[in-house]
Amino acid sequence: MNGLRPTQGLLNAAGGGRHYRWSTMTIAGPWERAARGAMLLGADATLRPTVFAEMSALATATGSINLGQGFPDEDGPAEVLEAARAAISSGLNQYPPGPGMPVLREAIAEHHERFHGVAVDAATEVLVTAGATEGIAASLLALVSPGDEVLTVEPFYDSYGAIIALAGGVHRTVPVAPPSFLPTPEALRAAVTERTRVILLNNPHNPTGAMLPRETLELIAELAASVGATIVADEVYEHLTFGDEHVTLASIPATRENSITIGSGGKTFNTTGWKIGWIIARPELVQAVLAVKQFLTFVNGAPFQPAIAAGLRLPDSFFHQTAATLRAKRDLLASGLEAAGFRVHLPQAGYFIVADASALGVTDGAAFARELPHRAGVVGIPVTALVSEGNRPQYSSLLRFAFCKRVDVLEQAAERLAGLKL
Ligand SMILES: Cc1ncc(COP(=O)(O)O)c(C=O)c1O
């Protein structure tokens, strides 16, 4: 075998409004596991772009408002942007230290203690990563051996499936249902087995905005301890909460020894393009993740590291105001969606609303999401794109819309959606 297969098409993945189509790949290799894990590979080796790329291209082609992808369209705090400019001007443009600049590691530790009451040693328990995405990838590649099970809830953030599969792991899921979108204790108990190596939590959760209560975190800690699994908690939306305060996994004492908490500056400071993330864990776990991370990117974003440190040190009022502003945007989009005939599952946190289009006669959300830009000039993502094939029927009328956009953009989206009912 030379690893080649007959070519039947070429990947047409360029943006700029061109439509995407499936293509048949000719190269054999572990990339296939990643693509299949992210549900992007057909049985006949056809590879398709992510739903985000596809829907963003459709937004451009149709001149639609793109509420598909979760990135803000406004700059974050001026202090943070200015700190990055100052860092570049002062010559912080070379490789930073492998674990991250001390100024940022210290700010991450202080921030964790200030908001969550958990003491962290900046020197040994913090590792700066290229976004949360690299923190997740390095953690899973460090811990998961072929055949190990990794448990997530479903729907799940797409990179989880890709990296679990790349590591050779077996992805087990607990599907969550509206209105709470919380995993039940029975489902969690049934899903954790002797083969579970990692329980990968996304809390607060993308796309549903659900926040795990302390009792659920305690149960997960107990289940993980009973089989020796490590809990990896992706908490990138920790500050974007609209009612209850976020409970970090690390505040559950039983998890201190065997958990990794992952954070990111991208969401909190509207700097998703900077890719400054981090992990917090006990020193041995940090070392294990570092062993992988240092050969993925080694380091990244030197001038952005002190800038995110400045952000993490902003007063409490900044964090409260950020959440309040986003909450108002959530409410604005929610009422627009409701007026258009969707049933809205109001999120408690994060960037996204999951809306049910069944009252509009929708049974196939994926087809409807592709129609919506033409019918209403608005783009959303079908939730089924974040769900494994066998579990899709229960999510078939659900769409995900991002509300981390300017107020005038959301108002215009609401106006356009109102036309759907006519
Ligand atoms: C749940 C979740 N984890 C991680 C990320 C990625 O974070 P970063 O940009 O810091 O890599 C996202 C971004 O959308 C996300 O929704």
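This report walks through the overall fold, the two domains, two helices and one loop residue of the protein chain.

The model is predicted: local features need pLDDT of at least 70, side-chain atom pairs count only at pLDDT 80 or more, and totals for chains, interfaces and linings use all residues. Residue numbers start from 1 along each chain as its sequence is written.

**Overall fold**

Let's start with the whole chain. The protein chain has 14 helices and 15 strands; helices (H or I, at least four residues) and strands (E, at least two) are DSSP runs, numbered from the N terminus. Along the principal axes, its C-alpha atoms fill a box of roughly 60 × 55 × 45 Å. A compact globule of 422 residues would have a radius of gyration near 22 Å, and the 21 Å of the protein chain agrees with that. Here the radius of gyration is taken over C-alpha atoms, and the globule rule is 2.2 Å times the number of residues to the power 0.38.

Of the 422 residues, 50% count as buried. A residue is buried if 20 or more other C-beta atoms lie within 10 Å of its own, exposed if 12 or fewer, and partly exposed in between, with C-beta atoms placed from the backbone. Among the contacts with a separation of 6 or more, 72% join residues 24 or more positions apart; two residues are in contact if their C-beta atoms, placed from the backbone, lie within 7 Å.

**Two domains**

The protein chain is divided into domain 1 (52-75 + 317-421) and domain 2 (78-313), with bounds that come from an automatic or database domain assignment. Their centres, taken over C-alpha atoms, are 25 Å apart. The contact takes 26 residues from domain 1 and 28 residues from domain 2. On the side of domain 1 that touches domain 2, helix H12 (316-339) and strand E12 (352-356) each supply at least two residues, and H12 gives the most, with 6 residues. That side of domain 1 divides into 14 nonpolar, 7 polar and 5 charged residues. Ala, Val, Leu, Ile, Met, Phe, Trp, Tyr, Cys and Pro count as nonpolar, Asp, Glu, Lys and Arg as charged, and the others, Gly among them, as polar.

**Helices H4 and H8**

The expected span of a helix is 1.5 Å times one less than its number of residues.

| Helix | Residues | Expected span | End C-alpha distance |
|---|---|---|---|
| H4 | 102-116 (15 residues) | 21 Å | 21 Å |
| H8 | 214-227 (14 residues) | 20 Å | 20 Å |

In H8, the buried residues are Leu217, Ile220, Ala221, Leu223 and Ala224. These buried residues cover an arc of only 170 degrees around the axis, so they lie on the same side of H8; the arc is that of the directions from the helix axis to the C-beta atoms. Glu215 and Ser226 are exposed on the other side of H8. The cover over the buried residues of H8 includes helix H7 (185-191), strand E7 (196-202) and strand E8 (230-234). Glycine 228 follows H8 and has a positive phi, near 70 degrees.

In H4, the buried residues include Arg105, His111, His112 and His116. Strand E4 (126-130), strand E10 (276-280) and helix H11 (304-312) are among the elements that cover the buried residues of H4. Glycine 117 follows H4, and its phi is positive, near 70 degrees.

**Asparagine 270**

Asparagine 270 is found in the loop between helix H9 (265-268) and E10. Asparagine 270 counts as buried because it has 21 C-beta neighbours inside 10 Å. Leaving aside residues up to four places away in sequence, asparagine 270 touches Pro72, Glu74, Asp75 and Gly76. Asparagine 270 and phenylalanine 71 are 199 residues apart in sequence, yet 7.6 Å apart in space, C-alpha to C-alpha.
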